[in-house]
Amino acid sequence: MKYVLKNQEMQDTDHETIHEIKIPGLVLMERASEAVANRAETYLGAGQKTLVIAGTGNNGGDALAAARILLERDYHVDYKIIGNIEKASEDLKLQHQILENLGYAPVESWNLKDYDLIIEGIFGVGLSREVGGIYRDVIEEINEAELPVIAIDIPSGISGDSGKVMGCAVKAVETVTFGGYKRGHLLYPGRQYCGKVTLADIGFHRQTIKKYASGFTLEKERNLMPKREAYSNKGTYGKILMITGNESMSGAAVFAGEAALRMGAGLVKILSDESNRGILQNRLPEILFGRRQDLKEALSWCDCILFGPGTGVSEETKKMLEFILENGKAPLILDADGLNTVSRYEMQLHYPYGLILTPHLMEGARLLKKDIKEVKEDICKAAQAIAEKFHGTAVLKDAATVVAQKQKKLYINQSGNHGMAVGGSGDVLAGMITGLAGTGCDLFEAAVKGVYLHGLAGDAAMKEKGPYSMIASDILQHIKDVTGGEHESILSGPCSH
């Protein structure tokens, strides 16, 4: 698990480290610059030249110190400061003075065709305004040169809090950042501008980062499945009820049902249109099939409920959802048309047994009664708003899915790929989350692990099928590749049964 910070949280971490823990800022800067120089060396061959472009803040100070370290290692390095040095930070002025004391002066002008690598430290994560003037000109020139660029902390022009492009932004081949990931590294479109993100340890202590970080991500985690006991039976691992699939949407029921089973669910009962009985029992003979008229009895039987994939939106689905909200006594996952039913009929949700909502961006916009552009501006904020409005856990699905629950650290997912942008992929995710929740997992944990493992299964499917040929069924087939082994949770303690 890696912590993810907003801009202010990183500034608070930096301030406490320097002023309370008493690690000097120049020590942190030196270590940061050495990390940048080390990564730059991997791109440089004999005789190749580097241009270091620095702004006037401490990000620029990191850039100048990296230039000095590379010069000490006998690389060909030029540097340039963009902006008024008279208004620069004291640390940048010091790094500039050191370079001049060593006999290295900034270049007056450049021709980017003369260089093989650019290191840029123009703004860093502190940018809060649209990029304009000379800074925009420089960034556009950098991008037009199509040279490999190493960005320090975050590509200049990217919001560290949302990943938004602030007018224009540097397109980096690699970004070297410090302490913890920033939201802008993991969220699109910023994620596309960062290239490879290298997280360098420069002296911030983990407990300080944890204290201020409002988010986290999972990275190279394995063995995340809940523990299974030798002395157990099918009832031990959850009785899951799914209300899915109308007469024309049997696939949603198949995908969700099989996903839950492959996540270890003991029993899955699907209430669907009678026309789907043959399809479901042929494709999934392991499931129990029921009619929607059996809802009352099924609610008293189940340990977890999934409502919505492929049900359609109608007065009938509204009445079913109202009945579940009034009579259910098990955690509820709302997906797809379950969410659209809530939006269309402006339903209020105060479900006391635990609730997960899994909207994509358009569904999220409907739930919040906002334009989708506003949701895209800051999907972390939108996910938190959904969680608070509906008193549950929000899984806001995007290329980088966000999971939010009030008073929990926000989760930003990194697993998965664009080959998963196919019909049925969301139904698989809903089933995977439900399968975990049905075993007794904490709902926030079930949502986080379900999202992460869904992405890993998609990554495994892409390796086999490629991004163009993979379909939702391929994600299902690769769940087995990511569920091998057991683990007592790294998030909130072991799952209970």
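Colleague: Which residues have the most contacts inside the largest nonpolar core, and what makes a set of residues a nonpolar core?

Modeller: Ile119, Phe178, Val428 and Leu453 have the most contacts inside the largest nonpolar core, which has 91 residues. Helix α18 (residues 443-465) gives the most to this core, with 11 residues. A second, separate core of 45 residues includes Leu186, Leu187, Leu349 and Ile386. The name applies because a nonpolar core is a set of buried Ala, Val, Leu, Ile, Met, Phe, Trp, Tyr and Cys residues joined through side-chain atoms within 4.5 Å. This is a predicted model, in which local features need pLDDT of at least 70 and side-chain atom pairs count only at pLDDT 80 or more, while totals for chains, interfaces and linings use all residues. Residues are numbered from 1 along each chain as its sequence is written, and side-chain values use heavy atoms, with hydrogens and water left out.

Colleague: What is Phe178 in contact with, leaving aside its neighbours within four places in sequence?

Modeller: Its partners are Met10, Ala32, Val36, Asp62, Ile152, Asp153, Leu199, Ala200, Ile202 and Phe204. Contact means heavy atoms within 4.5 Å.

Colleague: How many helices and strands does the chain have, and what makes it as compact as a globular protein of its length?

Modeller: The chain has 19 helices and 18 strands. Its radius of gyration is 26 Å, close to the 23 Å that the globule rule gives for 497 residues, so the chain is as compact as a globular protein of that length. The radius is taken over C-alpha atoms, and the rule is 2.2 Å times the number of residues to the power 0.38. Helices (H or I, at least four residues) and strands (E, at least two) are DSSP runs, numbered from the N terminus. Along the principal axes, the C-alpha atoms fill a box of roughly 85 × 40 × 40 Å. Among contacts with a separation of 6 or more, 72% join residues 24 or more positions apart.

Colleague: Why is Gly121 called buried?

Modeller: Gly121 has a relative accessible area of 0% and is therefore buried, since the term means under 20%, with exposed over 50% and partly exposed in between (1.4 Å probe, protein chains only). Gly121 lies in strand β4 (residues 117-121). Beyond residues up to four places away in sequence, it touches Ile53, Ala54, Gly55, Asn59, Gly60, Ala63 and Ile152. In the chain as a whole, 57% of the 497 residues count as buried.

Colleague: Is Leu429 buried or exposed, and where does it lie?

Modeller: With a relative accessible area of 4%, Leu429 is buried. Leu429 lies in helix α17 (residues 425-438), and among the residues it touches are Lys397 and His454.

Colleague: How do you know whether Met263 is buried or exposed, and where is its place?

Modeller: Its relative accessible area is 3%, so Met263 is buried. Its place is in the loop between α9 (250-262) and β11 (267-271). Met263 is in contact with residues including Met225, Met432, Leu453 and Ile479. Met263 and Gly438 are 175 residues apart in sequence and 9.8 Å apart in space, C-alpha to C-alpha.

Colleague: What is notable about phi in Ala336 and in Glu346, and is each residue buried or exposed?

Modeller: Phi of Ala336 is near 50°, a positive value in a residue other than glycine. Ala336 is found in the loop between β14 (332-334) and α13 (337-344), and at 15% relative accessibility it counts as buried. Glu346, not a glycine either, has a positive phi of about 50°. The place of Glu346 is in the loop between α13 and β15 (355-357), and at 52% relative accessibility it counts as exposed.

Colleague: Is the peptide bond from Tyr188 to Pro189 cis or trans, and why is that singled out?

Modeller: The bond is cis, with omega near 5°, and Pro189 is found in the loop between α6 (183-186) and α7 (190-194). Such features are singled out because most residues other than glycine have a negative phi, and most peptide bonds are trans.

Colleague: How many positive and negative side chains does the chain have, and what area does the chain expose?

Modeller: There are 55 positive and 64 negative side chains, and the centres of the two sets lie 5 Å apart. Lys and Arg count as positive and Asp and Glu as negative, with His and the chain ends not counted. Each charge is placed at NZ of Lys, CZ of Arg, CG of Asp or CD of Glu. The chain exposes about 21000 Å², of which carbon and sulfur atoms supply 47%. Accessible areas come from the Shrake-Rupley method with a 1.4 Å probe, and for residues only the protein chains shown count as cover.
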